[in-house]
Amino acid sequence: MGHGTDRVTRGGRRRARAVLAVLTVAVLGAAGCDAAGGDSTGPSPSASKPSKPAPVWNTGPASVAAVGDSITRGFDACTVLSDCPEVSWATGSSAKVDSLAVRLLGKDRAAERSWNHAVTGARMADLTGQVTRAAAHRPELVAVMVGANDACRSTASAMTPVAEFRSQFEEAMGTLREKLPKAQVYVASIPDLKRLWSEGRTNALGKQVWKLGLCPSMLADADSLDSAATLRRNTVRDRVTDYNEVLREVCAKDRYCRTDDGAVHAFRFGTDQLSHWDWFHPSVSGQARLAEIAYRTVTAKRP
C-alpha cells in the first residue's frame, strides 16, 4: 500500500510539473507577442540599428575666415568706390558694426584670428581660389557671401547660368573639404537686388553713381517702369532666388554647413542700411545688420 501511494504521488508531481511548464511557455509566449507588437517573429525595437548622431555644431569657433565679394569687403561703406574692410560684417574691427568675428572672439582675438579673403567684383567662379587661400589659416569657421555679381552683369542674359553656378559652388565646397574636413561653414543668402533698386532709386545722387556701371542688369534705366525694364528686373530677381536655392541645397549636403535660411535675402533693407555713396551696397548700419544675422545663425544650437 505505501509503495503504491508513493508511485501515485510521484506520478502526480510529474504531471503537475509538466502542466506548470506548459503554462510557463504559454505565458512567456504571450508576453513575447505583446513586446513585438503582436508578432513574435518580428525584430524587437532594440534589435534595430541605432541612427547615426548628427555632428555637434560648435557655436563658439575660435577663428574665422571670410570669402566673397564687395559686400564682405565693406565696399562704398566709408568712401566712394573704395573697400573698407574695417566695417565688414564678417571680420571688421569697427565697434559700429560689431562684426561676426568680434562677436565670436572678442576684439583683440578677432584681430589675430580672423582673415578676410573676399574680393570686390568676385563671382562664384572665384570662390575656389578664395577658399584655398583661406584654408591656409586653418580657420574653424569659414563665412561665405557670394553670388550677387553673378546676377549683376551687363545684361540679364549675361548672368551666370544656374547649373554653372551650382557646379562652381560644389567645386569650392569640395576644395574646402579636402583642405579642412571639419571646418564649419556659414553661407549667407544673396540680398534682394530688386528691393535695393526700389529703395535706392529714390536718391538722385545714387542714380548718377549707378550710371557708372553698377549692376546694370538691375539698375540700368533706373526710372524706367515700362514692360521691358520690369521684365529685366524680374528676371534678375528670379535668378537670385534660384541662386539662393542652390546655396541651400549644396550646403544641406555638407554636415558642417549652415545657411541663414534666406534671412539676408528677406531682410527689408531701408535707405539707412544703404551706402550713401552708391545707394546699393550696405552702409555701416547695413553691415551691422548682416553681422547680426550671421551671429544669430552661427550661435544657434540648431540650424
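A salt bridge is a side-chain nitrogen of Lys or Arg within 4 Å of a carboxyl oxygen of Asp or Glu. The model is predicted: local features need pLDDT of at least 70, side-chain atom pairs count only at pLDDT 80 or more, and totals for chains, interfaces and linings use all residues. Residues are numbered from 1 along each chain as its sequence is written, and side-chain values use heavy atoms, with hydrogens and water left out.

**Exercise 1. Place the salt bridge between Asp 83 and Arg 73 in the chain, and grade the accessibility of Asp 83.**

Step 1. Take the distance. The closest N and O atoms of Asp 83 and Arg 73 are 3.6 Å apart.

Step 2. Locate the partners. Helices (H or I, at least four residues) and strands (E, at least two) are DSSP runs, numbered from the N terminus. Asp 83 and Arg 73 are both in the loop between strand E1 (64-68) and helix H2 (100-105), 10 residues apart.

Step 3. Grade the accessibility. Buried means under 20% relative accessible area, exposed over 50%, partly exposed in between (1.4 Å probe, protein chains only). Asp 83 has 36%, so Asp 83 is partly exposed. Arg 73 has 18%, so Arg 73 counts as buried.

**Exercise 2. Trace the network of salt bridges that holds Asp 223.**

Step 1. Recall the principle. Side chains of opposite charge can pair when their charged atoms come close.

Step 2. Start with Arg 201. Its side chain meets that of Asp 223 at 3.9 Å, N to O. Asp 223 lies in the loop between H9 and helix H10 (227-252) and Arg 201 in the loop between H7 and H8, so the bridge ties together parts that are 22 residues apart in sequence.

Step 3. Add Lys 207. For Lys 207 and Asp 223, the closest N and O atoms are 2.9 Å apart. Lys 207 is in helix H8, 16 residues from Asp 223.

Step 4. Grade the three. Asp 223 is partly exposed at 48%. Arg 201 is partly exposed at 23%. Lys 207 is buried at 18%.

Step 5. Join them. Arg 201, Lys 207 and Asp 223 form one linked network. The whole structure has 10 salt bridges.

**Exercise 3. Describe the largest pocket by volume, lining and residue class.**

Step 1. Fix the term. On a 1 Å grid over the protein atoms alone, a pocket is an open set of points where a 1.4 Å probe fits, with protein on both sides within 12 Å along at least five of seven lines; lining residues have an atom within 4 Å of a point.

Step 2. Give the volume, the space filled by probe spheres set on the points. For the largest pocket it is about 290 Å³.

Step 3. List the lining. There are 22 residues, and the closest to the centre are Ser 70, Asn 149, Cys 152, Phe 280 and His 281. Helix H5 (148-151) and helix H7 (193-200) each give two or more residues.

Step 4. Sort by class. The lining holds 15 nonpolar, 6 polar and 1 charged.

**Exercise 4. Compare the settings of Cys 215 and Asp 261, two residues with a positive phi.**

Step 1. Recall the norm. Most residues other than glycine have a negative phi.

Step 2. Take Cys 215. Its phi is about 45°. Cys 215 lies in the loop between H8 and H9 and is buried, at 5%.

Step 3. Take Asp 261. Its phi is about 60°. Asp 261 sits in the loop between strand E5 (257-259) and helix H11 (263-266) and is exposed, at 62%.

Methods. Ala, Val, Leu, Ile, Met, Phe, Trp, Tyr, Cys and Pro count as nonpolar, Asp, Glu, Lys and Arg as charged, and the others, Gly among them, as polar.
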